[in-house]
Amino acid sequence: MSQPQAWNPADPRSRPSREQVLAGLRGTDAGGPELVQLLSPEGVRLSDQRFDGYAEDVDTAALQALYRDMVLVRRADREANALQRQGQLGIWVPLLGQEAAQVGAGRAMAPQDMAFPSYREHGVAWCRDIDPTELLGIFRGTDNGSWDPIATRFNLYTIVIGNQCLNAAGYAMGQRFEGKVGDGPDAEATMCFFGDGATSQGDVHEGFVWAAAYDAPVVFYCQNNQWAISVPLERQTRVPLYERAQGYGFPGIRVDGNDVLACLAVSRWALEECRTGNGPVLIEAFTYRMDAHTTSDDPSRYRLADELELWKLKDPIERVRVNLVREHHTDQSFFDEVAAEADDLAARLREFCLAMPDPAPDRMFAEVYAEPSPLVEAQRAEFLAYHASFADGPLAGSSSGQGA
Ligand SMILES: Cc1ncc(C[n+]2csc(CCOP(=O)(O)OP(=O)(O)O)c2C)c(N)n1
Ligand SMILES: [Mg+2]
């Protein structure tokens with residue numbers, strides 16, 4: 001058999017080898033495509049001519065603030081994970097390992113920008129001033145999301161994979177139609193968060209097409225954590241995800257998703273592009289999901305433990321800690337204060353969770369439709385009558401009106 005020709009991307013008849021495809025997908029390995037990085041995994045500040053300007057205001061205090069964000073977000077995540085294990089939450093979706101990707105993007109957003117999350121964006125929620133206690137209701141099954149998406153500029157979590165890309169594209173088209181794109185300080189953009197697996201969904205492609213056709217001010221922010229539950233990235237694509245943007249006609253860029261400074265700088269650039277009318281932009285934040293997909297998943301069934309060990313060396317929080325000590329002379333008292341604050345947050349989260357009241361059993365019939373519905377009302381009455389037929393009486397806490 002003849003040897004395959006070397007890959008020449010300019011020659012339509014040549015194809016990349018399997019090795020070349022895989023090298024392209026793994027951005028942090030030698031031979032992978034370029035990755036914007038401002039902090040190395042060892043905590044050394046790196047220079048990137050294109051993006052240094054977007055992080056030049058990050059002084060010691062600002063870097064400490066980013067560190068604090070990530071530590072508190074991780075602590076809340078770990079506590080919620082433990083609460084699920086103890087039966088207090090039905091499910092939890094861990095963000096472990098993705099703190100930098102989320103805090104960098106979240107802190108790049110201006111108050112007037114709008115976010116469309118999936119279900120793992122607890123770190124972005126934190127940056128939109130949503131207290132972690134407000135996330136618990138969805139995972140305890142007591143509400144559908146307790147924050148106000150308009151007031152917080154952070155939409156409700158979306159479980160249907162990729163669907164929020166349509167919502168975000170449409171919202172961003174609205175921002176453009178209403179003249180909210182421009183040079184003024186009030187100019188707006190939208191940021192849409194989704195995973196690597198979501199890029200295989202039609203909704204994401206449709207979102208890209210509409211956003212491109214209408215020059216919509218939306219930053220598509222893909223956290224490539226390399227797994228879609230048990231499906232690895234190489235089962236989903238033959239090109240690095242950021243390169244796909246080219247096919248839709250807008251820029252795509254890959255950033256080290258474990259580098260909070262780079263995520264901040266690249267997101268600031270992308271949001272500025274969008275606010276000033278040069279959107280959309282695709283960012284691929286290359287990161288790793290260090291925990292299970294959800295608490296219902298067991299990653300030891302499908303991935304090797306040494307992969308996790310490798311990524312522990314690229315921990316997003318540790319590299320900032322090292323940089324703060326070495327290059328900003330931050331002393332131990334700062335780290336102790338943040339650790340104490342994290343413990344307080346965890347205790348508050350736990351206390352709040354244990355005290356959450358159970359909703360009335362017929363709560364599930366409320367808010368099915370915006371308007372009262374005779375059909376839903378009949379079902380609710382039947383449900384209550386059925387439970388009232390038991391010898392020990394009706395269910396405790398049943399409410400008596402529609403919309404309880
Ligand atoms: C439309 C749709 N199909 C399937 C699922 C089941 N599902 C839940 S999460 C998930 C994988 C998503 O992976 P990715 O987009 O990489 O995001 P990650 O969970 O890794 O953050 C799937 C297939 C779903 N929620 N919605
Ligand atoms: Mg994923």
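Mentor: A crossing is right-handed if the near helix is turned clockwise from the far one by less than a right angle, and left-handed if anticlockwise. Keep that in mind. This model is predicted.

Trainee: What makes the crossing of α2 and α13 right-handed or left-handed?

Mentor: The crossing angle is roughly 35°. The turn of the near helix is clockwise in a right-handed crossing. α2 passes α13 in that right-handed sense. The helices are α2 (residues 60-85) and α13 (residues 332-354), and their axes come within 9 Å.

Trainee: Which residues in α2 and α13 meet?

Mentor: Residues are in contact if their C-beta atoms lie within 7 Å. On the α2 side, Y67, V71, L72 and L83 are among them. On the α13 side, they include F334, V338, L345 and L349. The residues of this contact divide into 13 nonpolar, 1 polar and 5 charged. Among the charged residues of the contact are R68, R75 and E79 in α2, with E341 and R350 in α13.

Trainee: How do you know that β3 and β7 are paired?

Mentor: Pairing needs at least two bridges. β3 (residues 218-224) and β7 (residues 281-286) are joined by 6 bridges, so they pair. The two strands run parallel. N224 stands opposite F286 in β7.

Trainee: Which strands stand at the edges, and why?

Mentor: Follow the order β1-β2-β3-β7-β6 in this open sheet of 5 strands, with parallel pairing. β1 (114-116) and β6 (252-256) each have a single partner strand, so one side of each has no neighbour in the sheet. Neighbouring strands are turned by 20° against each other on average, direction ignored.

Trainee: Where does helix α7 lie?

Mentor: Helix α7 (residues 163-177) lies across β1, β2 and β3. Its angle to β2 is about 170°. Angles run from 0 to 180 degrees between N-to-C directions, so α7 and β2 run nearly opposite ways.

Trainee: What makes the peptide bond from G279 to P280 notable?

Mentor: That bond is cis, with omega near -5°. P280 sits in the loop between α10 (260-275) and β7. In another loop, between α8 (202-213) and β3, lies D215. D215 has a positive phi of about 45°, although it is not a glycine.

Trainee: Which residues come nearest to ligand 1?

Mentor: I161, G195, G197, A198 and A228, out of 15 residues around the ligand. β2 (190-195) and β4 (227-228) each supply at least two residues of the shell. By class, the shell has 8 nonpolar, 4 polar and 3 charged residues.

Trainee: How is the protein divided into domains?

Mentor: Domain 1 covers 18-354 and domain 2 covers 360-404. Their C-alpha centres lie 39 Å apart.

Key. Residues are numbered from 1 along each chain as its sequence is written. Chains are lettered from A and ligands numbered from 1 in the order in which they are written. This is a predicted model: local features need pLDDT of at least 70, side-chain atom pairs count only at pLDDT 80 or more; totals for chains, interfaces and linings use all residues. A residue is near a molecule or strand if its C-beta atom, placed from the backbone, lies within 6 Å of it. Helices (H or I, at least four residues) and strands (E, at least two) are DSSP runs, numbered from the N terminus. Two residues are in contact if their C-beta atoms, placed from the backbone, lie within 7 Å. Domain bounds come from an automatic or database domain assignment.
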